[in-house]
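Reader: I've just opened this one and don't know my way around yet. Could you walk me through it?

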Amino acid sequence: MSQAVCSVCGEPAQQVQPNDWIAPWGPPPDWSHTDGSSLCPTMVTGGVGPCEPEFI
Ligand SMILES: [Zn+2]
């Protein structure tokens, strides 16, 4: 079974919506760090947003 990690910092990621997300940012991502914070920001289409998890 593969493990999900944040593709920027390499910390483990969990398939849980982040607890620091606020509605004006748009729909919450499905993934967060294991402490509940959103994944590290990276350049995404249209600006900066949380990165996608990477499976190792
Ligand atoms: Zn991260």
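Reader: Let's start with Cys6: which element is Cys6 found in?

Author: Keep in mind that this is a predicted model. On tracing the chain you'll find Cys6 inside a strand, and that strand is E1.

Reader: Is Cys6 buried or exposed?

Author: A residue counts as buried if 20 or more other C-beta atoms lie within 10 Å of its own. Cys6 has 23 C-beta neighbours inside 10 Å, so Cys6 is buried.

Reader: How far apart in space are Cys6 and Leu39, C-alpha to C-alpha?

Author: Along the sequence, 33 residues separate the two. Leu39 is also on the list of contacts of Cys6, which includes Ala13 and Cys51 too. From C-alpha to C-alpha, Cys6 and Leu39 are apart by 6.0 Å.

Reader: Which residues make up the largest nonpolar core?

Author: As a rule, in soluble globular proteins nonpolar side chains tend to end up buried together. Here the largest such core has 5 residues in all. Its members are Cys6, Ala13, Trp31, Leu39 and Cys51.

Reader: Where does Trp31 lie?

Author: Look past strand E2, which covers 13-14, and stop before strand E3, which covers 32-33. Trp31 lies in the loop between E2 and E3.

Reader: Is Trp31 buried or exposed?

Author: The bar for buried is 20 or more other C-beta atoms within 10 Å. Trp31 has 21 of them, so this loop residue is buried.

Reader: Leaving aside neighbours within four places in sequence, which residues is Trp31 in contact with?

Author: One partner is Ala4, 27 residues away in sequence and 9.2 Å away in space, C-alpha to C-alpha. With sequence neighbours within four places left out, the full list is Ala4, Ala13, Gln14, Gln15, Leu39 and Pro53.

Reader: And Cys51, which residues is that one in contact with, again leaving aside neighbours within four places in sequence?

Author: Cys51 belongs to the largest nonpolar core, along with Cys6 and Leu39. Both of those turn up among its contacts. The list runs Cys6, Ser7, Val8, Leu39, Cys40 and Thr42.

Reader: What about Cys9, is it buried or exposed?

Author: Cys9 sits in the loop between strand E1 (4-6) and E2. Exposed means 12 or fewer other C-beta atoms within 10 Å. Cys9 has 11, so Cys9 is exposed.

Reader: Which residue stands opposite Met43 in E5?

Author: Strand E4 (residues 41-44) and strand E5 (residues 47-50) pair in the antiparallel sense over 4 bridges. The two form a hairpin with 2 residues between them, and Gly46 in the turn has a positive phi of about 90°. Across from Met43 in E5 stands Val48.

Reader: How far is Cys9 from Gly46, C-alpha to C-alpha?

Author: Gly46 is in the turn of the E4 and E5 hairpin, while Cys9 is in the loop between E1 and E2. They are 37 residues apart along the chain, and their C-alpha atoms are separated by 22 Å.

Reader: Zooming out, how many helices and strands are there in the protein chain?

Author: Reading from the N terminus, the elements run β-β-β-β-β-β. The count is 0 helices and 6 strands.

Reader: And what radius of gyration does the protein chain have?

Author: The C-alpha trace spans about 35 × 20 × 15 Å along its principal axes. A compact globule of 56 residues would have a radius of gyration near 10 Å, and the chain agrees with that, at 11 Å.

Key
Residues numbered from 1 in each chain as written. Predicted model: local features only at pLDDT ≥ 70, side-chain atom pairs only at ≥ 80, totals over all residues. Contact = placed C-beta atoms within 7 Å. Rg over C-alpha atoms; globule rule 2.2 N^0.38 Å. Pairing = 2+ DSSP bridges. Core = buried A, V, L, I, M, F, W, Y, C linked by C-beta atoms within 7 Å.
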